[in-house]
Amino acid sequence: MDTSISPEEQAIAKRITELKKILGSELMVLGHHYQRDSIVMHADFIGDSFMLSQKAADSDAKYIVFCGVHFMAESADILTDDDQHVILPNLRAGCSMADMATLPDVESAWADILAETGLHDPVDKTAPGDIPTDGKSYLIPVTYMNSSADLKDFVGRHGGIVCTSSNATGILNWAFDRAGPEGAVLFFPDQHLGRNTGLSMGIDESKMPTWVPKIGSDKELTGARIILWHGFCSVHKRFTVEQVGDFRRKYPEGHVIVHPECPKETVEVSDANGSTQFIKNYVEALPSGSKIAIGTEINMVARLADSHPDKHIECLDDKICPCSTMYMIHPAYLMDVLEKIVEGEVPNQIVVSKDVQEGSLLALERMLSIKK
Ligand code: SF4
């Protein structure tokens, strides 16, 4: 066991290991890449939200303890059977980006955009695999996984789909196929992922207006291809062009890789951008001795540095703090929920109500059926 951690932390880790053993195959612990080491050491699977949602969907475990944030546990609940219980060790672990798009604001924007552009609402016309063939132009809603279940339900009911940072290009292609040549996508809540993906697909920025809730669009909506919701991740928006410049001055032969939730200016001066899984694979593929700066959450960067001692790996922002909500999953909370499960309770269960399950399941299943 790691002796750099306190005796109290060691005792918690030991107890979590014992509890996991008692629960055996009834339990599955999922850990997002942004969780601290003392959590991911207990995870049966470590991954990004796409990979973890697949693991939840494929699992038979009775208890799925999700070490991540609220929207991830909601998606796991939607994708699992009624007799499976999804548990979030700390119910306060939300996501500030997900909170930037609420259902009333999205419904209001939806009505305004349809009225202004004359585009059609696909409602539930778009069953999996169906492409409207009536020659009309549609507005297709696409929500990032980082959104609440009621928004995924809205999206599912309006012929739309969920995306993650690892499949956004494939998902946008799916949406454009259904929107028609004059149609558009309403993408929320992260403007940066939408903009960076659109630019990588050759869409001109003038065709990607930003929609500010309660205010409206910053550009002409007619002719738009992607209407971007004005949301952002408070962690990734901190990575800047200046930081890339500083790193390149130190290591002119170095590599800079960032997450697509970063601003487009930062992405443009980086060598590569992609999901947490993409970043992990990219770092692994670089030769020994490489100097690498990474623009994503610090726990993941520190873990990559530890697991690649033959490479110099640093965080692009030397003052960056961890995602404050991911950090709310402390090992003591994990131990506490496992103790309660062993005692026969189901603590901190995340239950998505039946009335929003149908549309959200449709939107998630559409995503899972599409290759990246
Ligand atoms: S890193 Fe950003 S997007 Fe991810 S959970 Fe934290 S606030 Fe949300």
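Domain bounds, as used in these legends, come from an automatic or database domain assignment, and the model shown is a predicted one.

**View 1. The whole chain and its division into domains.** The assignment gives domain 1 in two segments, 7–94 and 326–356, together with domain 2 (98–232) and domain 3 (236–315). The secondary structure of the chain comes to 14 helices and 14 strands, and the C-alpha trace, followed along its principal axes, spans about 65 × 55 × 35 Å. For 372 residues, a compact globule would have a radius of gyration near 21 Å, and the chain agrees with this, since its own value is 21 Å. Of the 372 residues, 48% count as buried, while 66% of the contacts with a separation of 6 or more are made by residues 24 or more positions apart.

**View 2. The contact between domain 1 and domain 2.** The centres of domain 1 and domain 2, taken over C-alpha atoms, are separated by 31 Å, and ten residues of domain 1 are in contact with twelve residues of domain 2. On the side of domain 1 that touches domain 2, helices α3 (49–58) and α4 (70–79) each supply at least two residues, with α4 giving the most, namely four residues. The residues on this side of domain 1 divide into five nonpolar, three polar and two charged.

**View 3. The shell around the ligand.** The ligand is surrounded by 13 residues, of which the closest are Cys-95, Met-97, Cys-233, Val-235 and Cys-323. When the residues of this shell are sorted by character, eight are nonpolar, four are polar and one is charged.

**View 4. Helix α11 and the elements that cover its buried residues.** In helix α11, which runs over residues 276–285, the buried residues are Thr-276, Ile-279, Lys-280 and Val-283. Seen down the axis of α11, these buried residues fall within an arc of 100 degrees, and they therefore line one face of the helix. On the other side of α11, Asn-281 and Ala-285 are exposed; for this reading, a residue is buried if 20 or more other C-beta atoms lie within 10 Å of its own, and exposed if 12 or fewer do. What covers the buried residues of α11 includes the strands β11 (255–258), β13 (291–295) and β14 (312–315), as well as the helix α12 (298–307).

Note on methods:
Residues are numbered from 1 along each chain as its sequence is written. This is a predicted model: local features need pLDDT of at least 70, side-chain atom pairs count only at pLDDT 80 or more; totals for chains, interfaces and linings use all residues. A residue is near a molecule or strand if its C-beta atom, placed from the backbone, lies within 6 Å of it. Ala, Val, Leu, Ile, Met, Phe, Trp, Tyr, Cys and Pro count as nonpolar, Asp, Glu, Lys and Arg as charged, and the others, Gly among them, as polar. Two residues are in contact if their C-beta atoms, placed from the backbone, lie within 7 Å. The radius of gyration is taken over C-alpha atoms; the globule rule is 2.2 Å times the number of residues to the power 0.38. The arc is that of the directions from the helix axis to the C-beta atoms.
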